[in-house]
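Visitor: Could you take me on a close look at a single part of this structure? I am in my first year, so please go step by step and connect that part to what lies around it.

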Amino acid sequence: MDNSKNRWSITVDRDLRPAYYDKFHCLAAGCRLSCCVGWSIPFNKKDYLAMKRQNASPELAERLGRALRRVRDGRYGESIYAEFDMPDGVCPLLREDCLCALQSEKGPEALPQVCRTFPRREAYQPSGYLERSLSPACEGVLALLWELTEGVDFLSAPLPKEKWRALSPDGETGFCPYFAEIRELCIDLLQDRRFPLPKRVWIMGMVLRELAEGEADVPAWLARSRALAEGLASGGLPEEPEQDRLLAMFLSHNIQTLSVTNEGNRALKELREQLLEHCGVSMNENGRVFVSVHPYRAARERFERNFGDREYFFENLMVTLLYMLNFPDPASPEVLWKSYVNFCNLYGFYRFAAVMSCREGSAGDREELFRSLVFASRALLHNSARRVGLRDELFQHGSATLVHMAVLLNG
């Protein structure tokens, strides 16, 4: 590896994955929030032609005949060449038993890549690994995180030589040469169970802020960062969560996020409407909008009763997000801080969705919690344009500071 200012390269010859990655399997008929329902499912030209040319049974041929639709705007070339035609929001290949007709008859290799891989993802990263991850937009992944009482561990193995790749980004390398060490520090902070999870995320921001503000000696920063984190550990967050004004700010921000979601899955659309209905939003005769904190507080009390012993689960979820999003983005100090703001925004919305799973009238059980978290994942994690837009709004309004991040973390 060349660590000079404008040159950095590394040969990726190993993978990296969470230890639970190897245990994942599709819930199939047991899945309540199928990835075959409510999402656009695009695929490339190779997958399109392979499905068109299938030697299929009459039933499957009929399904495929009405399932495939070309995407003809040309903006994405051959990478998004076609998609499944889903007029009712359901993939035409999905059978009544919630199994795929194409996979059942022809095997998993006949599926387009997006269907073969989801919720799996793999990419060559500046950590120096081919990183494999699982998205929490899948109930099966959440179920795995639920069982990890001791936290998320990671595994690595050599790659076959045909999968080796050389990484060498153009232009400035930012913090790429030290990305693995920076991220390891962040994961360690997230898994430090001496402190409540919101405080761990806030301490992480305090530590990263030195890099965001221009610290160039990254080895020196790494050498003192853990001591800095220890020093920040005494005391609480800079804002008290029980103040009505601050909690109302937290709720207003997440209600705004909720209001711009429009997920295609019918069950998730219904959930969105239920959340909006129970958010305590009202309007006076002058048209001014008010947010009551009382419904959320009641939901939070119930959430603590039902899931107060499951903070490790939310920790596992945040570690999964951090790893999947390649956090913190090492491109530059500015981009690094933007990635931290994005992470806090995600944390706040996931926390809001989790607490509201215990709203008045809901079951308040694990199934409802998982439904809310799948919704949060589809709404933000898998909608990068929406996520970036909400993040940039914070910067435009001068709200991308650590003080405002404490508000997002205190919900």
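**A close look at the sheet around strand β8**

Guide: Let's start with one pair of residues: Arg17 has Leu155 in β8 as its bridge partner. Keep in mind as we go that this is a predicted model.

That pair belongs to a longer match. Strand β2, residues 14-18, pairs with β8 in the antiparallel sense, over five bridges. As background, strands of a sheet pair through backbone hydrogen bonds, either parallel or antiparallel. Here you can find both kinds, because β2 and β7 pair in the parallel sense, over two bridges. In that second pairing, Leu16 stands opposite Glu131 of β7.

Now follow β7 to its other partner. Strand β6 (residues 120-124) and strand β7 (residues 130-134) run antiparallel and are joined by five bridges. Glu131 appears again here, as the β7 bridge partner of Ala123. The two strands β6 and β7 form a hairpin, with five residues between them. In its turn you will find Gly128, which has a positive phi of about 95 degrees.

Put these pairings together and you have an open sheet of four strands, in the order β6-β7-β2-β8, with mixed pairing. At the edges stand β6 and β8 (154-158); each has a single partner strand, so one side of each has no neighbour in the sheet. On average, and with direction ignored, neighbouring strands in this sheet are turned by 20 degrees against each other.

How enclosed is β7? Five of its five residues are buried, so β7 is largely enclosed by the rest of the structure. It helps to know that in a regular strand the side chains alternate between the two faces of the sheet. In β7, Leu130, Arg132 and Leu134 are on one side, while Glu131 and Ser133 are on the other, and all of these are buried. Both faces of β7 are therefore covered, since buried means under 20% relative accessible area.

What lies across this sheet? Helix α12, residues 311-324, lies across β2, β6, β7 and β8, and runs at about 140 degrees to β7.

From here we can step out to the nonpolar core. In soluble globular proteins, nonpolar side chains tend to be buried together. The largest nonpolar core in this model has 96 residues, and the members that touch the most others are Met204, Met318, Tyr340 and Tyr350. Helix α13, residues 333-356, gives the most to this core, with 15 residues. Try zooming in on Met204: leaving out residues up to four places away in sequence, Met204 touches Cys186, Leu189, Leu190, Leu322, Phe327, Tyr340 and Phe343. Another core, of 19 residues, lies apart from the largest one, and includes Ile41, Leu68, Leu93 and Leu111.

Helix α13 also has a helix partner worth a look. Two packed helices are described by the angle between their axes and the distance between the axes. The axes of α13 and helix α11 (residues 294-307) come within 8 Å and cross at roughly 80 degrees. That is why α11 counts as roughly perpendicular to α13. Where they meet, α11 brings Tyr296, Ala299, Arg300, Phe303 and Glu304, and α13 brings Arg351, Phe352, Ala354, Val355 and Met356. Sorted by class, this contact has seven nonpolar, no polar and three charged residues.

To set beside our four-stranded sheet, there is an open sheet of three strands, ordered β3-β5-β4, with antiparallel pairing. Here the edges are β3 (42-43) and β4 (68-70); each has a single partner strand, so one side of each is left without a neighbour in the sheet. Strand β5 (residues 82-84) runs antiparallel to β3, joined by two bridges, and Pro42 stands opposite Glu83 in β5. Helix α2, residues 58-67, packs on this sheet and touches β4 and β5, with its direction at about 25 degrees to that of β4.

One residue of α2 makes a nice last stop: Arg63. At 14% relative accessibility, Arg63 counts as buried. Setting aside neighbours within four places in sequence, Arg63 is in contact with Pro92, Leu93, Leu94, Arg95 and Ala101.

Technical notes: Residues are numbered from 1 along each chain as its sequence is written. This is a predicted model: local features need pLDDT of at least 70, side-chain atom pairs count only at pLDDT 80 or more; totals for chains, interfaces and linings use all residues. Side-chain values use heavy atoms; hydrogens and water are left out. A nonpolar core is a set of buried Ala, Val, Leu, Ile, Met, Phe, Trp, Tyr and Cys residues joined through side-chain atoms within 4.5 Å. Buried means under 20% relative accessible area, exposed over 50%, partly exposed in between (1.4 Å probe, protein chains only). Contact means heavy atoms within 4.5 Å. Axes are lines fitted to C-alpha atoms, for helices over the stretch in contact, and angles run from 0 to 180 degrees between N-to-C directions. Angles under 35 degrees count as roughly parallel, over 145 as roughly antiparallel, 65 to 115 as roughly perpendicular and the rest as oblique. Ala, Val, Leu, Ile, Met, Phe, Trp, Tyr, Cys and Pro count as nonpolar, Asp, Glu, Lys and Arg as charged, and the others, Gly among them, as polar. Two strands pair if DSSP finds at least two bridges between them.
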